[in-house]
Amino acid sequence: MSRNSIDSLLLETRRFAPPPEFAANAIADADLYERAAQDRVQFWADTARELLHWHDPFTQTLDWSNPPFAKWFADGTLNVAYNCLDRHVLAGHGDRVAFHWEGENGDTRTLTYAELTAEVKKAANLLAALGIHQGDRVAIYLPMIPEAVISMLAVARLGAVHSVVFGGFSSESLRSRIDDAQAKLVITADGGWRKGKVFPLKDAVDGALANGTSTIEHVLVVKRGNNDVEWTEGRDLWWHDEIVTMDAEHTAHAFEAENPLFILYTSGTTGKPKGILHTSGGYLTQVAFTHKNVFDLHPETDIFWCTADVGWVTGHSYVVYGPLANGATQVIYEGTPDTPHAGRWWELIEKYGVTIFYTAPTAIRSFMKIGRQVPNQFDLSSLRLLGSVGEPINPEAWIWYRDVIGGGHTPIVDTWWQTETGAIMISALPGLTTLKPGSAQVPIPGIKIDILGDDGTRVDPPRGGLLVVSEPWPSMLRGIWGDPDRFRETYWSKFSDLPESSSSGASATAPGQIRYFAGDGAHVDTDGDIWLLGRVDDVMNVSGHRLSTTEIESALVSHPIVAEAAVVGAADEASGQAVVAFVIIKSNQQHAQTADEASALLRDHVVGQIGAIARPKRVFIVAELPKTRSGKIMRRLLQDVAEGREIGDTTTLADSTVMQIISDKLR
Ligand code: WTA
């Protein structure tokens with residue numbers, strides 16, 4: 001976000017106190033903040049005991065003796081799936097609906113907690129029969145169908161580790177994730193429904209395994225698209241053939257609180273996606289706590305709908321683990337919001353009586369563009385709370401969301417968090433906080449956030465700086481799969497005095513300070529409310545999805561016609577940021593096609609390498625890239641061009657005429 005928009009953001013003066021009736025019935029009370037302020041670690045211990053079932057109770061809460069590697073509740077044991085399923089059934093809630101699933105093509109399926117528990121038990125027996133044990137990695141590459149949730153919970157039930165790969169990722173991306181985690185099994189579908197068509201998934205799995213060197217032993221295939229698939233006898237198995245033979249009884253064994261639960265790959269500042277590792281007890285504690293208190297969950301009466309795909313962390317934490325740990329009733333939808341008509345989401349809210357709705361600003365902006373006449377055709381009066389996640393929500397979108405979707409009365413919680421944080425970190429609590437459109441506002445109880453200057457000192461409000469988490473938290477990432485050095489370097493080196501690195505004396509932080517650097521800029525106002533300003537590194541946010549400029553550059557240069565490439569995220573009204581690439585074609589290839597042809601070819605190539613979400617909006621074929629004398633590409637200048645601005649300071653360029661040539665050419 002540019003300086004100008006920060007200033008205009010902070011001129012936002014509208015305030016919304018909790019509606020009295022909402023406040024009177026709210027789940028969270030102010031006591032949470034007080035208890036957390038008195039003793040943060042004790043607060044999390046109490047929360048973990050209150051919200052989860054422990055097979056063996058823990059006696060240690062936090063072990064931070066070897067930072068940045070934290071252990072929470074380490075001597076306790078639990079089973080994550082038991083917490084999400086069996087215990088609700090045992091408590092007499094077996095008949096409560098766990099979710100209403102709606103396929104894009106109109107198929108529906110409703111599963112109660114008793115039914116979901118039985119399905120997961122069968123699936124756990126099936127995975128066990130396929131040789132999956134504690135600690136084994138299972139890749140899940142599925143559309144948003146019930147089997148996605150069932151698979152995740154079945155893996156968790158066995159103490160194994162899932163790695164869900166978003167169905168929109170390419171075969172190449174799937175292959176690199178399978179290889180990095182050394183997965184033994186892939187669970188996929190023949191295809192899924194999207195935009196009125198079946199998109200194939202099994203094909204991509206076949207492609208990912210084609211070189212024959214994979215660690216994958218079996219491919220379990222759910223029938224969903226009814227599209228034709230290739231079959232490798234001995235390796236491939238139909239889910240429906242196998243599951244019918246399985247027993248619906250399965251005893252959940254307890255695993256240590258720090259038993260790995262999942263790996264989820266996310267884009268960082270370098271070319272290779274990072275496998276973010278989460279474990280069991282701390283993760284489940286914080287997702288359950290935030291789902292309950294941030295969304296004011298009344299499990300007997302609420303219908304919760306989070307629109308995220310389980311391929312992203314939001315789907316892990318607020319479709320699967322948080323809501324199910326809390327015994328919530330949900331809606332799960334397979335397809336796109338505009339199929340078969342522009343009001344599909346609103347139709348589902350009306351149909352199921354959704355009371356709490358959680359989505360991303362990019363979706364809200366796209367609905368704003370279509371206009372209020374579409375949602376106005378549906379009865380949305382069941383809604384009582386709205387949520388936003390994934391990128392800053394600008395005040396105008398916030399107000400539109402509240403007025404048009406929320407009937408002018410629902411609170412909106414703007415929730416800041418990351419794949420790495422596992423659960424919500426900054427958010428209003430809707431029955432307590434007076435809302436400020438555009439600000440994510442305050443750390444949730446038990447979380448310590450600071451805004452620092454580059455030198456590591458806390459900024460005095462009102463001022464901007466870099467967002468850090470100053471104390472370990474239960475759902476924090478436990479590492480990057482297979483790469484502890486990268487974990488330390490990426491998140492902890494900037495503002496911490498880590499034991500081994502403190503001898504260098506280079507740190508500006510006070511001795512013993514260990515702080516997690518989130519990669520986001522933020523402003524803190526005089527009330528102490530936090531306004532997120534976007535990434536400060538080479539990570540882009542396109543439609544609420546994280547993409548790395550370097551990763552897309554690597555994809556581009558992997559094409560034989562490309563000599564060099566630079567990628568920037570350019571401000572875009574619809575998607576927040578859009579991928580814009582500048583590419584130099586190898587001289588012996590320059591006459592093989594026109595610039596338009598090369599551009600189209602390369603856009604498709606990126607889709608093949610990474611997936612459709614990474615498709616550049618524009619690829620400019622250029623003769624030179626702006627570089628400093630030391631050879632570093634100055635993306636800032638390319639961003640000026642891509643956003644149609646006056647080009648900034650070019651004095652550090654090795655050749656200051658380059659920018660003129662580029663911008664003349666694009667005009
Ligand atoms: C951004 C998604 C502003 C931020 C849960 C963060 C936000 C990145 C917000 C993480 C918000 C997420 N306001 N920015 N409410 N929520 N972000 O890992 O830049 O896909 O670092 O996790 O999204 O994206 P991720």
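In the predicted model, the ligand is surrounded by 17 residues, the closest of which are D414, T415, T419, D520 and R546. By class, this shell consists of six nonpolar, six polar and five charged residues. Three secondary-structure elements each contribute at least two residues to the shell: helix α13 (313-325) and strands β20 (412-415) and β25 (530-535). Polar side-chain atoms approach oxygen atoms of the ligand at several points. For T419, a polar side-chain atom is placed 2.6 Å from a ligand oxygen. For R535, the distance between an N or O atom of the side chain and an oxygen atom of the ligand is 2.8 Å. R546 likewise has a side-chain N or O atom 2.8 Å from an oxygen atom of the ligand. Of the 530 Å² of accessible area that the ligand has on its own, 96% is covered by the protein.

T419 belongs to the loop that links β20 and β21 (449-452). Its relative accessibility is 9%, and T419 is therefore classed as buried, the limit being under 20%. Beyond residues up to four places away in sequence, T419 touches L264, T266, I276, H278, V313 and R546. R546 is thus a neighbour of T419 as well as one of the closest residues to the ligand.

A second group of positions comes from the UniProt record. The unreviewed entry places the feature "binding site" at V557, H559 and V562. V557 is part of helix α18 (residues 549-557), whereas V562 is part of strand β28 (residues 562-572). The two valines are classed differently by accessibility. V557 has a relative accessible area of 41% and is partly exposed, because this value falls between the 20% limit for buried and the 50% limit for exposed residues. V562, at 3% relative accessibility, counts as buried. When residues up to four places away in sequence are not counted, V557 touches V562, A563, E564 and A565. With neighbours within four places set aside, the contacts of V562 are L556, V557, V583, I584, K586 and L602. V557 and V562 are therefore in contact with each other, since heavy atoms of the pair lie within 4.5 Å.

The same kind of record supplies one modified position. UniProt, in an unreviewed entry, lists K632 for "modified residue: N6-acetyllysine". K632 is located in the loop between β30 (618-621) and α20 (635-642). With a relative accessible area of 55%, K632 is exposed, because the value is over the 50% limit. Apart from neighbours within four places in sequence, K632 is in contact with P626 and K627.

N79 and Y82 were examined in the region of helix α5. N79 sits in the loop between β3 (77-78) and α5, and Y82 lies in helix α5 itself (residues 80-84). N79 has a relative accessibility of 0% and counts as buried. The side chain of N79 makes polar contacts with backbone oxygens: one of its polar atoms is 3.0 Å from the backbone oxygen of R157, and a polar atom of the N79 side chain is 2.7 Å from the backbone oxygen of H253. Not counting residues up to four places away in sequence, N79 touches H55, A156, R157, A252, H253, A254 and F255.

Y82 is also buried, with a relative accessible area of 15%, which is under the 20% limit. Leaving aside neighbours within four places in sequence, the contacts of Y82 are H53, H55, R87, L90, R157 and A252. H55, R157 and A252 thus appear among the contacts of both Y82 and N79. Y82 and I662 are separated by 580 residues in sequence, and their C-alpha atoms are 59 Å apart in space.

Helix α17 (residues 484-492) has R486, F487, R488, Y491 and W492 as its buried residues. These residues pack against five strands, namely β1 (62-66), β2 (69-72), β15 (274-279), β23 (479-480) and β24 (516-524).

Terms used:
Residues are numbered from 1 along each chain as its sequence is written. This is a predicted model: local features need pLDDT of at least 70, side-chain atom pairs count only at pLDDT 80 or more; totals for chains, interfaces and linings use all residues. Side-chain values use heavy atoms; hydrogens and water are left out. A residue is near a molecule or strand if one of its heavy atoms lies within 4 Å of it. A polar contact is a pair of N or O atoms within 3.5 Å; within protein, one must be able to donate a hydrogen and the other to accept it, and residues adjacent in sequence count only if both atoms are side-chain atoms. Accessible areas come from the Shrake-Rupley method with a 1.4 Å probe; for residues, only the protein chains shown count as cover. Helices (H or I, at least four residues) and strands (E, at least two) are DSSP runs, numbered from the N terminus. Ala, Val, Leu, Ile, Met, Phe, Trp, Tyr, Cys and Pro count as nonpolar, Asp, Glu, Lys and Arg as charged, and the others, Gly among them, as polar. UniProt positions are given in the numbering used here, feature names are shortened, and annotations may be inferred rather than shown by experiment. Buried means under 20% relative accessible area, exposed over 50%, partly exposed in between (1.4 Å probe, protein chains only).
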